[in-house]
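Reader: I would like to know what stands behind the words used for this model. Please set each value against its definition.

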Amino acid sequence: MIGLGGDPDRTTCSSARCRADATWRVNWRNPRIHAADRVKVWLACDKHRSTLGDYLATRGFPVVISALDSPVDVVPDGAVPTTAPQTSSTDEAGR
Ligand SMILES: [Zn+2]
């Protein structure tokens, strides 16, 4: 499976107490401590994709949501938690 830097066998949702299978990657970073090419990843089920994305966005972190099998290389400044297209393009996400 995909290496995520955590438990490699674990593809359940990152939301607290949620045991659902993750189908999304919530890619984010903290601009104060992470360089632009640093990407942190939370996994999310359908139900918590927006919950986790909004949680990070509320804290002022850029967020890019992608499919579980579509990792992203960069989370641009100002990215908002909408579902990223399948391409590697970094087009502005629906502002
Ligand atoms: Zn969940």
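Reader: How is helix H1 placed with respect to S1, S2 and S3?

Author: Helix H1, residues 49-58, lies across S1, S2 and S3 and runs at about 5° to S1. That angle is taken between lines fitted to C-alpha atoms, for helices over the stretch in contact, and runs from 0 to 180 degrees between N-to-C directions. This is a predicted model, in which local features need pLDDT of at least 70, side-chain atom pairs count only at pLDDT 80 or more, and totals for chains, interfaces and linings use all residues. Residues are numbered from 1 along each chain as its sequence is written.

Reader: What makes a stretch a helix or a strand, and how many of them does the protein have?

Author: Helices (H or I, at least four residues) and strands (E, at least two) are DSSP runs, numbered from the N terminus. The protein has 1 helix and 3 strands, in the pattern β-β-α-β along the sequence.

Reader: Why are S2 and S3 said to stand at the edges?

Author: The sheet is open, with 3 strands in the order S2-S1-S3 and antiparallel pairing. Strand S2 (40-44) and strand S3 (63-67) each have a single partner strand, so one side of each lacks a neighbour in the sheet. Neighbouring strands are turned by 25° against each other on average, direction ignored.

Reader: How do you know that S1 and S3 pair?

Author: Pairing requires that DSSP finds at least two bridges between two strands. S1 (residues 24-28) and S3 are joined by 5 bridges and run antiparallel, so they qualify as a pair. Trp24, for instance, has Ala67 in S3 as its bridge partner.

Reader: Why is Ile65 called buried, and Arg17 exposed?

Author: A residue is buried if 20 or more other C-beta atoms lie within 10 Å of its own, exposed if 12 or fewer, and partly exposed in between, with C-beta atoms placed from the backbone. Ile65, found in strand S3, has 24 other C-beta atoms within 10 Å and is therefore buried. Arg17, in the segment before S1, has 5 C-beta neighbours inside 10 Å and so counts as exposed. Phi of Arg17 is near 70°, a positive value in a residue other than glycine. Of the 95 residues of the protein, 27% count as buried.

Reader: Why are the buried residues of H1 said to line one face of the helix?

Author: These residues are Arg49, Leu52, Gly53 and Leu56. Seen down the axis of H1, they fall within an arc of 100° (the arc of the directions from the helix axis to the C-beta atoms), so they line one face. They pack against S1, S2 and S3.

Reader: What makes a group of residues a nonpolar core, and which members of the largest one touch the most others?

Author: A nonpolar core is a set of buried Ala, Val, Leu, Ile, Met, Phe, Trp, Tyr and Cys residues joined through C-beta atoms within 7 Å. The largest has 16 residues, of which Val26, Trp42, Leu43, Ala44 and Val63 touch the most other members. S1, S2, H1 and S3 each supply at least two residues of this core, and S2 gives the most, with 4 residues.

Reader: Which residues is Val26 in contact with, and what counts as a contact?

Author: Two residues are in contact if their C-beta atoms, placed from the backbone, lie within 7 Å. Leaving aside neighbours within four places in sequence, the contacts of Val26 include Trp42, Leu52, Leu56, Val63 and Ile65.
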